Amino acid sequence: MSQLAIKRQTTKDIEAQIGTLSRPSKMPCHGYSLPATECKRGSILRKIENSVCSDCYALKNRYLFNNVQKALHKRLDALLSDTFTWQHLITELINRKEKKRLLQMARQRRHPKPRAPVSHQQHSFCPSSYNILDTH
Ligand code: SF4
């Protein structure tokens with residue numbers, strides 16, 4: 001598939017082929033989540049007590065749901081079945097999503113959400129203001 005053909009695809013079409021990106025809160029950018037059961041290094045480290053992988057977060061809780069497992073394996077299958085096409089599709093998807101994220105951030109900076117005004121009554125009953133004035 002040519003790069004021009006990829007550029008002409010909609011974001012939904014690209015996601016249908018390689019899966020969606022995630023938005024991990026601890027990361028400064030998008031992520032691409034793959035099944036931890038297929039993690040080669042992790043499968044060795046998981047057996048070692050107190051290693052970083054011994055309590056792997058990606059092998060418990062919501063990662064065990066069928067729909068989540070299906071999505072994780074869909075991404076891995078897309079990556080392994082045609083790595084050449086995958087690399088162009090993922091590059092295009094990341095570019096589009098990151099551009100959108102940066103535009104949203106710039107818009108929020110230009111038009112920050114107004115803070116709720118603090119009424120006089122709220123302020124006078126605020127426990128932290130009593131602590132400040134407490135001079136024993
Ligand atoms: S913590 Fe889990 S996902 Fe992370 S490297 Fe270890 S096994 Fe892989």
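A residue counts as partly exposed when the number of other C-beta atoms within 10 Å of its own falls between the limits for exposed, 12 or fewer, and buried, 20 or more. This cut-off is used at several stops of the tour, which is made through a predicted model.

**Whole chain**

Begin with the entire protein in a cartoon representation. Its secondary structure comprises seven helices and zero strands, and along the sequence the pattern reads α-α-α-α-α-α-α. Colouring by burial will pick out 4% of the 136 residues as buried. For a contact map, consider the pairs of residues at least 6 apart in sequence: 63% of these contacts join residues at least 24 apart.

**T11, in helix α2**

Select T11 next, which is located in helix α2. T11 has 13 C-beta neighbours inside 10 Å, a count between the two limits, and is therefore partly exposed. Leaving aside residues up to four places away in sequence, T11 touches L93 and R96. Add K97 to the selection: T11 and K97 are separated by 86 residues in sequence, yet the C-alpha to C-alpha distance is 8.9 Å.

**Helices α2 and α5**

Extend the selection to helix α2, residues 11-18, and helix α5, residues 83-110. Two packed helices are described by the angle between their axes and the distance between the axes. Here the angle is about 135 degrees and the axes are 10 Å apart. The angle therefore makes α2 oblique to α5. The crossing of α2 past α5 is left-handed.

Which residues make the contact between α2 and α5? On the α2 side, display T11, I14, E15, Q17 and I18; on the α5 side, display W86, L89, I90, E92, L93 and R96. Coloured by class, this contact of α2 with α5 shows six nonpolar, two polar and three charged residues.

**The shell around the ligand**

Move now to the ligand and show the residues around it: A36, C39, G42, L45, R46, V52, C53, C56 and A58. By class, this shell contains seven nonpolar residues, one polar residue and one charged residue.

Centre the view on A36, a member of the shell. A36 is situated in the loop between α2 and α3. Is A36 exposed, partly exposed or buried? With 17 C-beta neighbours inside 10 Å, A36 counts as partly exposed. Its contacts, not counting residues up to four places away in sequence, are G42, C56, A58 and L59; G42, C56 and A58 also belong to the residues around the ligand. A distance label from A36 to Q69 will read 9.8 Å between C-alpha atoms, for a separation of 33 residues in sequence.

**N50 and N61, in the loop between α3 and α4**

Most residues other than glycine have a negative phi. The final stops concern two residues with positive values.

Select N50, in the loop between α3 (40-45) and α4 (66-81). N50 is not a glycine, and its phi is positive, at about 65 degrees. Is N50 buried or exposed? N50 has 6 other C-beta atoms within 10 Å, so it is exposed.

Continue to N61, which also lies in the loop between α3 and α4. What is the phi of N61? The value is near 55 degrees, positive in a residue other than glycine. N61 has 9 C-beta neighbours inside 10 Å and therefore counts as exposed.

Key:
Residues are numbered from 1 along each chain as its sequence is written. This is a predicted model: local features need pLDDT of at least 70, side-chain atom pairs count only at pLDDT 80 or more; totals for chains, interfaces and linings use all residues. A residue is near a molecule or strand if its C-beta atom, placed from the backbone, lies within 6 Å of it. Ala, Val, Leu, Ile, Met, Phe, Trp, Tyr, Cys and Pro count as nonpolar, Asp, Glu, Lys and Arg as charged, and the others, Gly among them, as polar. Axes are lines fitted to C-alpha atoms, for helices over the stretch in contact, and angles run from 0 to 180 degrees between N-to-C directions. Helices (H or I, at least four residues) and strands (E, at least two) are DSSP runs, numbered from the N terminus. Angles under 35 degrees count as roughly parallel, over 145 as roughly antiparallel, 65 to 115 as roughly perpendicular and the rest as oblique. A crossing is left-handed if the near helix is turned anticlockwise from the far one by less than a right angle, and right-handed if clockwise. Two residues are in contact if their C-beta atoms, placed from the backbone, lie within 7 Å.
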